[in-house]
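Please open the model in your viewer and keep the sequence panel beside it. The tour below goes from one selection to the next and says what is found at each stop.

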Amino acid sequence: MGSKLLAVVAIVVVIVAVVFFVDTRLLLGPLADRFPFPGPEVTSKAVLRVDGYVDDADEVPERVYTVVYSVSNMGNATAENVTLSAVVDGESHASHLVSSLSVSDSANYSLVVTNASNALHVVSLQASCAGAADFYSFPFGADVPRVFSDKPEIVKLFVTPRDPAVIALKNEIYGAKLPFKDWIVLRDWVGKNIQYADDAAVHGVREYWQFGKETIDLRTGDCEDFAILLCSLFRANGVSADDVYVVVGRNAEGYHAWVRIKLEALGWYNLEPQENGLATFAGDFLTLSGFKAIYQFNDQQFH
Ligand SMILES: [Ca+2]
Ligand SMILES: [Ca+2]
């Protein structure tokens with residue numbers, strides 16, 4: 001009886017492990033190729049993407065900045081009646097209506113910001129049409145403050161799924177992809193390849209939030225740096241802004257930051273980015289128990 005029970009437990013453990021850890025597409029892919037099941041229907045859909053940067057900065061004495069921005073259709077169907085707005089420091093600077101945007105086409109614009117102060121300015125671009133929307137923010141004029149902040153427009157800038165360094169790392173991690181689920185592969189890389197280091201030891205200040213690109217270069221960081229990089233990687237990998245966040249929280253001893261992700265079968269899951277893939281479930285639970293969330297954010301949202 002005892003050995004039968006053990007066998008049942010072992011089978012259940014294997015099934016649970018397969019469901020949560022293994023990417024069944026990779027296991028079933030070769031089978032599906034041999035026995036062609038009816039595949040998913042190809043749907044036609046417009047997919048919008050906004051992009052922008054500061055092209056020309058005449059800093060002294062007038063502080064005039066030229067912001068170049070665009071909306072592109074990355075989907076496989078024409079986008080009709082696309083609205084695009086550019087907001088600088090919370091004030092609308094321009095809005096456009098593109099009646100028709102063909103597949104792979106872009107509409108390009110620029111605006112000039114005059115008499116900008118030497119403080120931090122934030123540009124927010126938003127595009128939408130029936131069935132598609134995109135949003136992107138970026139700063140100019142001054143360095144983003146690197147200390148703990150509860151200002152949504154500041155903290156959102158730290159999650160950078162469009163940074164070429166983040167995208168390159170995501171692609172590099174997949175170059176050596178094992179048959180595990182995407183979120184396990186990405187968290188495993190971050191947990192194994194980024195070493196913990198105090199902000200004081202690396203930057204000489206008590207608190208210093210690093211952009212994902214900086215953590216990739218340094219290969220060191222503390223809690224928020226791990227969480228910001230991992231959240232940026234998840235977003236670069238296509239996880240919706242509704243489904244993954246950097247969480248800033250605290251317990252009796254102090255502040256901590258981690259990642260919260262919505263998993264298919266499991267729902268919301270708190271993940272300790274300093275741990276590798278083996279820590280999934282038990283390790284995450286032990287490390288994060290006792291912490292209470294203060295706020296959560298990604299590049300598009302702040303709650
Ligand atoms: Ca820190
Ligand atoms: Ca830091």
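How many residues lie between β6 and β7 in their hairpin? There are 2 residues between these strands, and Gly-131 in the turn has a positive phi of about 85 degrees. Before going further, note that this is a predicted model, in which local features need pLDDT of at least 70 and side-chain atom pairs count only at pLDDT 80 or more, while totals for chains, interfaces and linings use all residues. Residues are numbered from 1 along each chain as its sequence is written, and chains are lettered from A and ligands numbered from 1 in the order in which they are written.

**First stop: the sheet around the hairpin**

Select residues 121–129 for β6 and 132–140 for β7, which pair in the antiparallel sense over 9 bridges; helices (H or I, at least four residues) and strands (E, at least two) are DSSP runs numbered from the N terminus, and two strands pair if DSSP finds at least two bridges between them. Along this pairing, Val-123 stands opposite Phe-138, and the bridge partner of Leu-125 is Tyr-136.

Add residues 79–88, strand β3, which pairs with β6 in the antiparallel sense over 6 bridges, with Val-87 opposite Ser-124. Together with β4 these strands make an open sheet of 4 strands in the order β4-β3-β6-β7, with antiparallel pairing. Because β4 (91–101) and β7 each have a single partner strand, one side of each is left without a neighbour in the sheet. Neighbouring strands here are turned by 15 degrees against each other on average, direction ignored; axes are lines fitted to C-alpha atoms, for helices over the stretch in contact, and angles run from 0 to 180 degrees between N-to-C directions.

**Second stop: the other sheet and its helix**

Next, display the open sheet of 4 strands with the order β12-β11-β10-β13, again with antiparallel pairing. Its edge strands, each pairing on one side only, are β12 (267–271) and β13 (292–297), and the twist averages 35 degrees from one strand to the next. Strand β11 (residues 255–263) and β12 pair over 5 bridges, and Lys-262 has Trp-268 of β12 as its bridge partner. Helix α8 (residues 223–236) packs on this sheet, touching β10 (244–250) and β11, and its direction makes about 20 degrees with that of β11; two residues are in contact if their C-beta atoms, placed from the backbone, lie within 7 Å.

**Third stop: the helix crossing**

Keep α8 selected and add α4, whose axis comes within 9 Å of that of α8 and crosses it at roughly 75 degrees. That angle makes α4 roughly perpendicular to α8 (the term covers 65 to 115 degrees). Val-166, Ile-167, Leu-169 and Lys-170 of α4 meet Ser-232, Leu-233 and Ala-236 of α8.

**Last stop: the cores**

Finally, colour the largest nonpolar core, which has 35 residues, and in which Ala-227, Leu-230, Cys-231, Val-246 and Val-259 touch the most other members. A nonpolar core is a set of buried Ala, Val, Leu, Ile, Met, Phe, Trp, Tyr and Cys residues joined through C-beta atoms within 7 Å, buried meaning that 20 or more other C-beta atoms lie within 10 Å of a residue's own. At least two residues each come from α4 (164–175), α5 (182–193), α8, β10 and β11, and the largest share, 10 residues, comes from α8. Apart from this core lies another, of 18 residues, among them Val-98, Val-123, Leu-125 and Phe-138.

Technical notes:
A residue is buried if 20 or more other C-beta atoms lie within 10 Å of its own, exposed if 12 or fewer, and partly exposed in between; C-beta atoms are placed from the backbone. Angles under 35 degrees count as roughly parallel, over 145 as roughly antiparallel, 65 to 115 as roughly perpendicular and the rest as oblique.
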